[in-house]
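Here are my notes for you to read with the viewer open. Take them one at a time and find each spot for yourself before moving on.

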2 protein chains.
Amino acid sequence: MNLNIPIPAIERLTKLFSLLQKIKIEGKEKISSAELGSLTGFHAHNIRKDISMIGALESGKNGYDQESLENVIGNTFGFKRKKRACVAGLDMLGAAMLNNPDAGSSEFEIIAGFDSNTNRMEMISTKVPLFHLYEIEEKVKELGIEYAILAVTPENAIKTAERLVTGGVKGILNFSPIIIAPKNGVQIRNIYLVEELRLLSALDAANSQQLKNNI
Amino acid sequence: MNLNIPIPAIERLTKLFSLLQKIKIEGKEKISSAELGSLTGFHAHNIRKDISMIGALESGKNGYDQESLENVIGNTFGFKRKKRACVAGLDMLGAAMLNNPDAGSSEFEIIAGFDSNTNRMEMISTKVPLFHLYEIEEKVKELGIEYAILAVTPENAIKTAERLVTGGVKGILNFSPIIIAPKNGVQIRNIYLVEELRLLSALDAANSQQLKNNI
DNA sequence: CTCTATCTGTGAAATATTTCACAGATAGAG
DNA sequence: CTCTATCTGTGAAATATTTCACAGATAGAG
């Protein structure tokens, strides 16, 4: 498991990419590692090191060129290529994801929704075609879907994830309250509201503890 | 910044806590580090090391006692104490969070919602009291709200986060598509749909790259 | 053209984190 | 009671990651 780029570095570079896209809209053409640092909370040292790992750019005294840096990061990780995604499970959370306005302006295109409840599917207003959960495997293959947002009920989570994997997705973003363990090289990220709140409170507790210890 | 417990360990222990709660419901009283490992994808070694950092339990040959382990982790990070939370921004995503059925069965209680749009607030069906965004500071103090879920529009994100911090929250879970940098010791977690999908694809790209290198 | 201020890029050092390996503990069989 | 199989707990070793410090580069001033 020796990745040439550390996973935390991949996470930081991915955040930087999103930030660079925003900066482009604002018309800023140059940005220094120090500025990137204060916008993200990362150390400038760390940012420079991360960038140097994926390929040196020209040096200079005005910081990084927005466009070159966005391109280097984007090409390294494939952010410049369009990708198809779907949403499985269309209760409130899933429906919100399906209609997320940001996805469309990114490299991801949400091209299908899946649910088990026919009545609900008829009530949802969306331009995206909707299918039954049991059609996942077929539709994922047919439509070339690479990424999935999973927001089904806990009971359906494991089974639906398996269907997605069999269909051939490369990654699953799991919002259902079940930990899905990584499998067959398919990337999984588990994002569970209570878990995230809990982590916030744990980090706060660890911080307070540390302050006490330092007195 | 020398935490006595590494942040990745805190993340793993938090996940273990949630898993232990589920295991309790299933009636399982003992579980080994190996079993915990296969359920989470972590290494058994790592799990034992993490647990040993927060306090040794009795040793044995049947693995960990579900209840003791849940208590040790819970007490270390304060998961046994009730905590009040709110949701700011009540479009589809925010409304879904407000009505999330899992929060109620956890230590978190969502006791207020905030939005800027009076018409929308009248249309939302919820038992939680709703207020205007400009009342945040006052209500956070008055109601003793410790954690906030931020799902406002990008334009309102920074300002709303500042109000929450001024009001005295300890952590913010930010779902709006703006990176909010940590400030004044308030914990922030930025969860942005496109960013998370992008990270999945970046990890996949890094993996593929690595496979190529290993040939 | 020269000089200077201000960045980046990157080996090396310092830290942090994970993995290893095995001693120590105990439940349960007989 | 004794023996054995099966876990955990944890220093030490191995790795991974971050931080440091400064050489090298260049834009822009004059």
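1. Let's begin where protein meets DNA, keeping in mind that this is a predicted model. Look at the surface near DNA strand D: α1 (7-25) and α3 (44-53) of chain A, together with α2 and α3 of chain B, each supply at least two of its residues. So both letters, A and B, should be switched on in your viewer when you look at this strand. The largest share, five residues, comes from α3(B).

2. Which residues come closest to DNA strand D? In total 28 residues surround the strand, and the closest are A:P6, A:P8, B:S33, B:S52 and B:K61. Sorted by class, this surface has nine nonpolar, 13 polar and six charged residues.

3. Now swing round to DNA strand C. There are 28 residues around this strand, and A:S33, A:S52, A:K61, B:P6 and B:P8 come nearest. Two or more residues each are given by α2 and α3 of chain A and by α1 and α3 of chain B. Here α3(A) gives the most, with five residues. The class count for the surface near strand C is nine nonpolar, 13 polar and six charged. Try putting the two lists of nearest residues next to each other and reading across the chain letters: A:S33, A:S52 and A:K61 are on the list for strand C, while B:S33, B:S52 and B:K61 are on the list for strand D.

4. Helix α3 of chain B deserves a closer look. Which of its residues are buried? In this helix, residues 44-53, they are B:I47, B:D50 and B:I51. These three sit on the same side of α3(B), because they cover an arc of only 95° around the axis. On the other side, B:H45 and B:S52 are exposed. You have met B:S52 already, as one of the residues closest to DNA strand D.

5. What does the buried side of α3(B) pack against? Its buried residues pack against α1 (7-25) and α2 (33-40) of chain B. After the helix comes B:G55, which has a positive phi, near 130°.

6. Stay in chain B and move along to the strands. In strand β7 (residues 171-174), are the two faces covered or open? Both are covered: B:G171 and B:L173 are buried on one side, and B:I172 and B:N174 are buried on the other.

7. The partners of β7(B) are worth tracing. Strand β6 (residues 147-150) of chain B pairs with β7(B) in the parallel sense, over four bridges, and B:Y147 has B:G171 as its bridge partner. Strand β8 (residues 187-190) of chain B also runs parallel to β7(B), joined to it by four bridges. There, B:I172 has B:I188 as its bridge partner. Follow the chain from β6(B) through helix α9 (residues 154-167) to β7(B) and you have traced a right-handed β-α-β unit.

8. Chain A lets you practise on the neighbouring strand, β6 (residues 147-150). Both of its faces are covered, with A:Y147 and A:I149 buried on one side and A:A148 and A:L150 buried on the other. Four bridges join β6(A) to β3(A), and these two run parallel; A:C86 has A:A148 as its bridge partner. β6(A) also pairs with β7(A) in the parallel sense over four bridges, where A:I149 is matched with A:L173. Chain A has a right-handed β-α-β unit as well, made of β6(A), helix α9 (residues 154-167) and β7(A).

9. Zoom out to chain A as a whole. The chain has ten helices and eight strands, and 37% of its 215 residues count as buried. Its C-alpha atoms fill a box of roughly 60 × 45 × 35 Å along the principal axes. Of the contacts in chain A with a separation of 6 or more, 57% are between residues 24 or more positions apart.

10. Last stop: how many residues of chain A are in contact with chain B? There are 57 of them, in contact with 57 residues of chain B. On the chain A side, the elements supplying at least two residues each include α1, β3 (83-88), α5 (92-98) and α10 (193-214). The biggest giver is α10(A), with 17 residues. By class, that side divides into 31 nonpolar, 16 polar and ten charged residues.

Key
Residues numbered from 1 in each chain as written. Chains lettered and ligands numbered in written order. Predicted model: local features only at pLDDT ≥ 70, side-chain atom pairs only at ≥ 80, totals over all residues. Buried ≥ 20, exposed ≤ 12 C-beta atoms within 10 Å, placed from the backbone. Arc of directions from axis to C-beta. Contact = placed C-beta atoms within 7 Å. Pairing = 2+ DSSP bridges. Right-handed = clockwise from strand over helix to strand, strands pointing away. Near = placed C-beta within 6 Å. Nonpolar A, V, L, I, M, F, W, Y, C, P; charged D, E, K, R; others polar.
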